[in-house]
Amino acid sequence: MDFAFLFQTMKTLLAAVPMTLALFFLSIFFGGLLALLIVWMRVAKNPVVRNFAKGYIFVFRGSPLLIQMFLVFYGLGQFGFIRYSFLWPFLREPFVCAVLSLALCTGGYTAEIFRGGLRAVPAREIEAARSIGMSGFLLVRRIIGPIAFRHALPAYSTEIVMMVKSTALASLVTVWEVTGVAQRLISQTYRTMEVFLCAAAIYLVLNFLILQATALLEHRLSRHRRAAPRLP
Amino acid sequence: MLQDQQIDNATATANRLSVRNIRKSFGELEVLRGISLEAHDGDVISILGSSGSGKSTFLRCINLLEIADEGEIWVDGEQIQMVKKQGKNIPVSSRQVDHIRAELGMVFQSFNLWSHMTILQNLIEGPVHVLKRPRAECIAEAEALLEKVGIAEKRHAYPAHLSGGQQQRAAIARSLAMKPKVMLFDEPTSALDPELVGEVLRVMRSLAEEGMTMLVVTHEMSFARNVSNRVIFMREGQIDSDGAPETMFSDAASPAFRQFIGSFRG
Amino acid sequence: MWIFEVLGFGQKGWGGLLIVAALMTLCVTTVALIIGAILGTMVAAAKLSGNKFLRTLGNIYTTVFRGVPELLIIYLIYFGGSGAVTAIGRYLGYEGFLGLPSFAAGALAVGIISGAYQAEVYRGAFLAIPKGELEAAEAIGMHRGLRFRRIIAPQVLRFAIPGIGNVWQLSLKDSALVSVTGLADLMRTSQVAAGSTRQYLLFFVVGGCLYLVLTALSDRLFTGAERRANRSMPSSFSQA
């Protein structure tokens, strides 16, 4: 094995990690907010709102992310009102397009995951909260939200790992994150295996760190499920 | 010495089932500490004992679901060939193991019917695929067996749609479809609701009356007393006492056994 | 109406090509599913085996191929495979670059990924078989092969249907990435049509809709299969 080459490759790829992380964190953040909105619409009583959310989830989960990203990247400019709006200099940026489509897509998946968490909230605990006079946002923030999030966490951590992998697609709209740089290195050097191993190692370490973090969070949020501490 | 061995083997050949000095350990724990048993044709032997006495393990060793570390097993005159490896028995031929198992019917506590097959399919599975007999013949026999255990109308139902008692009767019929030389029952009524126990015991009783050789691990004292012709009481991996039910359930029984049945009367 | 013209089946229309491309997507995904089923069964068996080395190997496979971006794996197979083919060609006296056919590379790459997910599905399904049913099969004298064929395989398949359905949907979407190798699948054809007509919005929407048709139809198919496979279950189970 040519360690000098591996070292050089690793260095080049590591320089692209901040871009991957930026794509990841921004899309998880905005996607999460979007998911809250969609899940709120999805469980609404108004059938128009509910069906809109249903349609949104169907479309963004049922089609490939790549076509969604191309639609945002190439398609948005065709709308005159977008092209001539103050947002255009912003929306022209490949990075913004990538984050936007990643967030739109994960919003659909995450909404379904949150909805699964919501369904796991026992009705009697909501009743108990109502009986002491909680309602509306307070009820959601103090009772429903925490319980639902705890239930959704395992599926959500899987979705987060999927998102790390999805950031790779940004390279196809000219955002130079790790996979894009790896592809460039491969086509320059034809040393596919070495470059692949370096890039794969980076992603596996990222996944590992993320899964550790969510596991830690899960552990902290499930104190009530563990055995009661023994009194001394 | 050699002659003794030959005479010994002659009795083993004559008996339906012959078990000699079985030992079995799980790690440090010695579960069976030298058990021997001879079953003649038509014997119905009840094996009693508190939980942890090793009675289920004993049954599982006979049909080789567990392999005993030491000892000999003969089924209908055929000895199971074993070879010693690091002081423990290993069967020589997996083909012989399969062949012996096909001759021993096993009924489990939890029925263990194959959930993806109908009752009839469960019954013909062994005869068709293990014994390789013609399908039509097997179906005819299976239907007769289902008639006999009283669930003929359920033949196209799946196990999950039957009650526990019906499932256990189907499981007995499945074992009988293999035309076994000996039937082994591992606590066949323990997983059943009390009102369903009777229907399974009735089937077992009629089998006994037909002369089937049976080994029954059970907690049903009435079955041990009234149906079986021999009762074995196991305690701490050994046979504590062994005899006809009349003597076992009399004052002549061992103190440990009397204490054991006393706990059942409450 | 220009829309009908560019989407139609006439000389200037892309309709026919898009339909063919959708079939190509189905084709790649189907071949990938089969490759994945073979790999997945082997990896699941390795992960369930008593051999520590095999178990580790299985774990590495599922961790790597579920954790690394699909695009990177496609590059690995396409460029790496082409490199290997070129090397063989050179050995046989052919000078110059030989490419791995993009269909083969794509199906193999998506199949390898699908295999990692299928391995988890099969492993879970195997563990869901009640242990007693396997014992009953042993007790009746079934040998290993027969036990696998008659008791294990049908039940694993039954428990695995929902999981396989999910993996199929995943692979259907992953297959869009194969377009980077130039395979004329639905993604690639939408892209070419969009580029050459400058109607980006239109063709990406139409391409996206065709994907939705594929995923919705296959969802129906798997739900039906699941219902059929669960007919032996108590009704409360099949409704769940």
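Helices count as roughly antiparallel when the angle between them is over 145 degrees. Keep that cut-off in mind for the first view of this predicted model.

**View 1. Two neighbouring helices of chain C pack against each other at an angle of about 165°.** Here you can see helix α8 (residues 186–197) and helix α9 (residues 200–229) of chain C, with their axes 8 Å apart. Since about 165° is over the cut-off of 145 degrees, α8(C) and α9(C) are therefore roughly antiparallel to each other. Their crossing is right-handed. Which residues of α8(C) meet α9(C)? Among them are C:Leu186, C:Met187, C:Ala193, C:Ala194 and C:Gly195. From α9(C), the residues taking part include C:Tyr200, C:Phe203, C:Phe204, C:Leu210 and C:Leu214.

**View 2. Chain C, the home of these two helices, has 10 helices and zero strands.** Follow the chain from its N terminus and you meet one α element after another. The C-alpha atoms of chain C fill a box of roughly 70 × 55 × 25 Å along the principal axes. Of its 240 residues, 49% count as buried. Among the contacts in chain C with a separation of 6 or more, 71% join residues 24 or more positions apart.

**View 3. A:Phe70 and A:Tyr74 form an edge-to-face pair of rings.** Two values describe any pair of aromatic rings: the distance of the centres and the angle of the planes. For A:Phe70 and A:Tyr74, the centres are 5.4 Å apart and the planes stand at 85°, so the pair is edge-to-face. Both residues belong to helix α4 (residues 65–75) of chain A, and because they are four residues apart there, about one helical turn separates them. Is each ring's residue buried or partly exposed? A:Phe70 counts as buried, at 3% relative accessibility, whereas A:Tyr74 counts as partly exposed, at 31%.

**View 4. Residues from chains A and C come together in one aromatic cluster.** A:Phe70 and A:Tyr74 turn up again here, joined by A:Phe73, C:Tyr200 and C:Phe204. You have already met C:Tyr200 and C:Phe204 in α9(C), among the residues that meet α8(C). Over all chains, a search of the whole structure finds 18 aromatic pairs.

**View 5. Two arginines sit over aromatic rings, one in chain B and one in chain C.** In chain B, look for B:Arg174 over the face of B:Trp114, at 4.2 Å from the ring centre. In chain C, the charged end of C:Arg158 sits over the ring of C:Phe159, 4.5 Å from its centre.

Technical notes: Residues are numbered from 1 along each chain as its sequence is written. Chains are lettered from A and ligands numbered from 1 in the order in which they are written. This is a predicted model: local features need pLDDT of at least 70, side-chain atom pairs count only at pLDDT 80 or more; totals for chains, interfaces and linings use all residues. Side-chain values use heavy atoms; hydrogens and water are left out. Rings of Phe, Tyr and Trp (its six-membered ring) pair if their centres lie within 6.5 Å; planes under 30 degrees apart count as stacked, over 60 as edge-to-face and the rest as tilted. Buried means under 20% relative accessible area, exposed over 50%, partly exposed in between (1.4 Å probe, protein chains only). A charge sits over a ring if NZ of Lys or CZ of Arg is within 6 Å of the ring centre and within 35 degrees of the ring normal. Axes are lines fitted to C-alpha atoms, for helices over the stretch in contact, and angles run from 0 to 180 degrees between N-to-C directions. Angles under 35 degrees count as roughly parallel, over 145 as roughly antiparallel, 65 to 115 as roughly perpendicular and the rest as oblique. A crossing is left-handed if the near helix is turned anticlockwise from the far one by less than a right angle, and right-handed if clockwise. Contact means heavy atoms within 4.5 Å.
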